[in-house]
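Student: Could you walk me through a few side-chain contacts and one strand in this one? I'd like to ask as we go.

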Amino acid sequence: MALSKAEKSYIQTSLLSDPPLRLDGRSLQDYRLIALETGVVPLANGSAKVCIGRPGRSGYVQEAGGVGGGTEVVVGVKLEVAGAGEEGGGGTVTCTVSCSPAAYPSLSSNTLDDLQSDLTILMESVLSHPSLRPSNLVIVPGKKAWAAKLDAVVFADRGNIVDCLMLASRAALWDTKVPRTKGVEYRAPRRHTTQGDAGMDVDFDGQAEERSGFEREGLSRATDFELTDYWNEGEILSGRESWPVCVTLNVLSNVHFLDATLQEEASVSLRMYVMYAFPRGKPILQTFRLVGSEVSTMDQIRDLIKHAEPYARNAWTGLEAKLKDEEARRGVKAREKFLRGCTVFTI
């Protein structure tokens, strides 16, 4: 978003005042209202929708105070069968970010493609890291594995798009179910012969051995598999508590603030994306990235990373609670749907 010098100066002066002033009345560390819903893509193995902003009367997302729109992202995860790869470990996560032209009406097609590429590279560098690879994506060891393809679509961007993408991606991966499988090996049917009939296939008891050519689990080497679940059933991704959340610190002079709107983003020249995970309560810094033209020192970077940890922990705690509520809500909804489809009878 292009702002005039007067507009930038007004926003910067307001943020640096004492106390700081923001257009929607929030403090520097406050987020806008965040709405999350899982299971929004019917044919995906896992999906989620995240909106940062306040819903308006028309159904679109608005920022607090009714100013402008909000940020909206939908993420779907689809599992596809792939090879185990060169390392033989199996199980990969790939990411693709697409931006709706309606979300960026002022950008040309080439600029929009560049934005999609930048966001895809950023997301994939985090979510596709080998340290976060789920162990239960392997189907046939050394031969076949599930490839988790994560597709994110940005429907609206009114600021803080990276935080919204990471929240939606983590929620979609949390919602993903891996179908259970059984190993299958093909063996040609064997027949027993007597010494007197060396050239004849004759069974000892005079009857041909009735046996399937497909042998299941328990054999030494499985070459294929079969599903024991429906495509939308199965077990959760292993290690899902290790997926990080992102906190974007917008730096202006000696202060920083969270959840910037588009106008505020255009008024600062330095941002830092800090991604933390808290498996079993232990903070793990997954990665961080500086974006902008302003020069920063190592002391400033260390200070920003230190401040980002409590912000990320708050976001992590709130997201975990919401995801568990979503699991409970969808479980009750599924049971009610099952009971409505049952025929009631008495004996």
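Tutor: A polar contact here is a pair of N or O atoms within 3.5 Å, where, within protein, one must be able to donate a hydrogen and the other to accept it. Please keep in mind that this is a predicted model.

Student: OK, so which residue's side chain does Glu-320 join in a polar contact?

Tutor: The side chain of Glu-320 is joined to that of Arg-170 by a polar contact of 2.8 Å. Leaving aside residues up to four places away in sequence, Glu-320 touches Arg-170 and also Trp-174.

Student: And where is Glu-320, in which helix? Buried or exposed?

Tutor: Glu-320 belongs to helix α5, which covers residues 298-341, and it counts as buried because its relative accessible area is 13%, with the cut-off for buried lying at under 20%.

Student: What ring does the charged end of Arg-170 sit over?

Tutor: The charged end of Arg-170 sits over the ring of Trp-316, 3.9 Å from its centre. A further arginine, Arg-240, lies over the face of Trp-174, at 3.6 Å from the ring centre.

Student: Switching to aromatics, how many pairs does a search of the whole structure find?

Tutor: The search of the whole structure finds two aromatic pairs. In one of them, Tyr-276 and Phe-278 have ring centres 5.8 Å apart and planes at 20 degrees, so the pair is stacked. In the other, the rings of Phe-278 and Trp-316 have centres 5.7 Å apart and planes at 65 degrees, so that pair is edge-to-face.

Student: Which parts of the chain does the Phe-278 and Trp-316 pair link?

Tutor: It links distant parts, since Phe-278 lies in the loop between β16 and β17 whereas Trp-316 lies in helix α5, 38 residues apart. Both Phe-278 and Trp-316 are buried, and ring pairs link Tyr-276, Phe-278 and Trp-316 into a cluster.

Student: New topic: why is strand β14 described as largely enclosed?

Tutor: Eight of the eight residues of β14, residues 245-252, are buried, so the strand is largely enclosed by the rest of the structure. Both of its faces are covered, with Val-245, Val-247, Leu-249 and Val-251 buried on one side and Cys-246, Thr-248, Asn-250 and Leu-252 buried on the other.

Student: Which strands do bridges join to β14?

Tutor: Seven bridges join β14 to β16, running antiparallel, and the bridge partner of Cys-246 in β16 is Met-275. Three bridges join β14 to β15, also antiparallel, with Asn-250 opposite Phe-257. β14 and β15 form a hairpin with two residues between them, and Ser-253 in the turn has a positive phi of about 55 degrees.

Definitions and conventions
Residues are numbered from 1 along each chain as its sequence is written. This is a predicted model: local features need pLDDT of at least 70, side-chain atom pairs count only at pLDDT 80 or more; totals for chains, interfaces and linings use all residues. Side-chain values use heavy atoms; hydrogens and water are left out. Helices (H or I, at least four residues) and strands (E, at least two) are DSSP runs, numbered from the N terminus. Buried means under 20% relative accessible area, exposed over 50%, partly exposed in between (1.4 Å probe, protein chains only). Contact means heavy atoms within 4.5 Å. Two strands pair if DSSP finds at least two bridges between them. Rings of Phe, Tyr and Trp (its six-membered ring) pair if their centres lie within 6.5 Å; planes under 30 degrees apart count as stacked, over 60 as edge-to-face and the rest as tilted. A charge sits over a ring if NZ of Lys or CZ of Arg is within 6 Å of the ring centre and within 35 degrees of the ring normal.
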